[in-house]
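Hi everyone, thanks for making room for me today. I'd like to walk you through one protein model, starting with its pockets and then stepping back to the whole chain. Have a look at it first.

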Amino acid sequence: MAFPTETFYGLGASALLPAAVARVFAAKGRPADKPLLVLVDSLEMALLVVTGLPPLARRLADRYWPGPLTLVLPARPEVPAALTAGTGTLGVRIPGHAVARGLVRAAGFPVTAPSANAHGGASPRRADEVAASLGPALDLILDGGPTAGGEPSTVLDLAGPMPRVVRAGAVALGPADGVLL
């Protein structure tokens, strides 16, 4: 299924079911060595897929969630290995878009959310762009109108000894956030 987020349309499936995760990889033509991020609706739901939320993660979540900041943390052992691309870490965030957040809340479990386009293609801002890119590979497209586009979510790796920006994006982080760039 595809759905709008605060930046682009995402491709969603249960993050906890290996077969569902495999369908996301197949639909996108995504290489197996590229992990998927997941959306959650609360810190409690995040703890279903990550081993903990260190103080810096909690401070950043309090400041930027819901919103386009993805935090990479150690994954729980029961998370499908394909989801993490074998890294043992997982990117999580609470989405700022009402449709995405409502979808995750209604599902009751973490949902994958890579951009809803074929691997290497442009990230879609509209449902018709999703249909043109992935069409038959999808069971459903939730048309929430055009998204804002712009920068994708910022991805911050907090799994190592020092915070590391993996992808600069919609949230500008700096020393005030406890992140040295």
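So, which strands each supply at least two residues of the lining of the largest pocket? Strand 2 (9-11), strand 4 (69-74), strand 5 (89-93), strand 7 (154-157) and strand 8 (164-167) each do that. Strand 5 gives the largest share, four residues. Before I go on, please keep in mind that what you're looking at is a predicted model.

How much space lies in that largest pocket? It's about 780 Å³. The lining has 33 residues, and if you want to find the centre on your screen, the closest ones to it are Arg-30, Pro-35, Leu-37, Val-155 and Arg-167. As for the chemistry of the lining, we've got twelve nonpolar residues, 14 polar and seven charged.

Okay, on to the second largest pocket. Its volume is about 260 Å³. Here 18 residues make up the lining, and Met-1, Gly-12, Ala-13, Arg-23 and Asp-139 are the closest to the centre. What about helices here? Helix 1 (18-28) and helix 5 (98-107) each supply at least two lining residues of the second largest pocket, and helix 1 gives the most, with four. The residues lining this second pocket divide into 14 nonpolar, two polar and two charged.

Now let's zoom out. How many helices and strands are there in the protein? Six helices and eight strands. If you follow the sequence from start to end, the order goes β-β-α-β-α-α-β-α-β-α-β-α-β-β. You can trace that with your finger on the picture.

What about overall size? Along its principal axes, the C-alpha trace spans about 45 × 35 × 30 Å. There's a handy check here: a compact globule with 181 residues would have a radius of gyration near 16 Å, and this protein has 15 Å, so the value agrees with that expectation.

Next, the inside and the outside. Of the 181 residues, 48% are buried, with under 20% relative accessible area as the cut-off. The accessible surface comes to about 8,000 Å², and carbon and sulfur atoms account for 59% of that.

Last one, contacts. Take the contacts with a separation of 6 or more: 65% of them are between residues 24 or more positions apart in the sequence.

That's my tour, thanks for listening!

Note on methods. Residues numbered from 1 in each chain as written. Predicted model: local features only at pLDDT ≥ 70, side-chain atom pairs only at ≥ 80, totals over all residues. Heavy atoms only, no water. 1 Å grid on protein atoms, 1.4 Å probe; cavity = no way out; pocket = protein on both sides within 12 Å on 5 of 7 lines; lining within 4 Å. Points joined across faces, edges and corners; volume = space filled by probe spheres on them. Nonpolar A, V, L, I, M, F, W, Y, C, P; charged D, E, K, R; others polar. Rg over C-alpha atoms; globule rule 2.2 N^0.38 Å. Buried < 20%, exposed > 50% of the residue type's maximum accessible area, 1.4 Å probe, protein only. Contact = heavy atoms within 4.5 Å. Areas by Shrake-Rupley, 256 points an atom, 1.4 Å probe, with all protein chains shown as cover.
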